[in-house]
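Please open the model in your viewer and keep the sequence panel beside it. The tour goes from the whole chain to the ligand and then to two places in the backbone.

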Amino acid sequence: MVIESLRVPIVAAPMAGGPTTPELVAAVSAAGGFGQLAAGYLAADAMAAQIAATRAATTAPFGMNLFAPGPVAEPADYAAYLAELGVDHPLGTPRHDTDAWADKLDLLVADPIAVVSTTFGCPTAVEVDRLHAVGTEVWVTVTSPAEALIALDAGADALIAQGAEAGGHRASFLDDPAEDIVDPPGLLTLIQLLSAVTARPIIAAGGIATGAGLAAVLAAGAAAGQLGTVFLRCPEAGTNAVHRAAIGSTEPTMLTRAFTGRRARGIRNSFLEAHTATAPAAYPEIHYATAPLRAAARAAGNSDDVNLWAGQAHSLTREQSAGELVAELAADAKNALRKALSE
Ligand SMILES: Cc1cc2nc3c(=O)[nH]c(=O)nc-3n(C[C@H](O)[C@H](O)[C@H](O)COP(=O)(O)O)c2cc1C
């Protein structure tokens, strides 16, 4: 298993939309961790180009993360929301797609890499078998024990446990607003709940920003931590300038469907405050509808209309090279574990 062979128990979270680059993946593996590319929002040929660029930058194994397709939303369910946004903003045309799921899987089977991970859902057992047949491990992101059971049943080799603290989209298989009254489990709770249902490796994601945080999830039984937000300020990351400038402030984060129609954690800004209460579950329809307004805001340096995805611990991040960051987190985690044992 890839996860058992790492020098350092750190996985770089795949971050679609720009932050993840081949350079970031290469730097994390050079420091002994494991890097994952992000295929979300990309066409299949653009995903292939990312793989080629990563192979040119490192000989280390790496992963690719796919968005699993979800249900088509009814236009009637988001018409009122578009009307609300359209008062102040230029909008794109809402549409549904599968994020080229089938084409991407075909490509990954034809030209295999070490790991394929998924978010928003689980590949079928047949799809998992196709990847296994070419030597690829399958990691499925889960947010609850119920999702874990589905992933284990399909043949997942490892579970990425995404706690409530995590930045970016919730990985939930279903994004049901009726379930918003239930608090999603925090990471430490989730690791314990998943450990009760599986002995397969658990990769812990959500709010890990220090060596002590990494030590905590390892002590709880995780095989590694998967960190996203801490890498956003690295020079190797492709984080856009508005997003980069917002990470590291003391502004709190909140969960919202306002930008994409799928629940995600981002830094509070006036767009989230104005529209979170009314935003429907309609992904990727709302993602396409808000794309022009977000692009315009990025170009204008207006952080109020940009999706500033970040985990709850983003204020602890620093500007630092990915290699240094991984080395420092690993050393601090060791010290934290030693200290916990000696007292
Ligand atoms: C900007 C950003 C983009 C993300 N994009 C993806 C993605 O494409 N696929 C995925 O599985 N997770 C994605 N995530 C979630 C991460 O995999 C992970 O769960 C999260 O970063 C962990 O929490 P942390 O950000 O507090 O470290 C993203 C997170 C952020 C912050």
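Colour the chain by secondary structure, and twelve helices and eleven strands appear, where helices (H or I, at least four residues) and strands (E, at least two) are DSSP runs numbered from the N terminus. This is a predicted model, in which local features need pLDDT of at least 70 and side-chain atom pairs count only at pLDDT 80 or more, while totals for chains, interfaces and linings use all residues. Residues are numbered from 1 along each chain as its sequence is written, and side-chain values use heavy atoms, with hydrogens and water left out.

Zoom out to the C-alpha trace, which spans about 60 × 45 × 40 Å along its principal axes. The radius of gyration of the chain is 19 Å, which agrees with the value near 20 Å for a compact globule of 343 residues; this radius is taken over C-alpha atoms, and the globule rule is 2.2 Å times the number of residues to the power 0.38.

Next, select the ligand and the 21 residues that surround it, the closest being P14, N65, G207, G228 and T229; a residue counts as near if one of its heavy atoms lies within 4 Å. Colouring this shell by class gives nine nonpolar, twelve polar and no charged residues, with Ala, Val, Leu, Ile, Met, Phe, Trp, Tyr, Cys and Pro taken as nonpolar, Asp, Glu, Lys and Arg as charged, and the others, Gly among them, as polar.

Which atoms lie 3.3 Å and 2.7 Å from a nitrogen atom of the ligand? At 3.3 Å there is a backbone N or O atom of P14, and at 2.7 Å a polar side-chain atom of N65. Show Q162 as well, where a side-chain N or O atom is 3.2 Å from an oxygen atom of the ligand.

Finally, follow the backbone to Y283 and P284, which are joined by a cis peptide bond with omega about 5°; P284 is in the loop between α10 (270-275) and α11 (285-300). Then select A100, a residue other than glycine with a positive phi, near 55°, in the loop between α3 (75-86) and α4 (101-110).

Terms used: A polar contact is a pair of N or O atoms within 3.5 Å; within protein, one must be able to donate a hydrogen and the other to accept it, and residues adjacent in sequence count only if both atoms are side-chain atoms.
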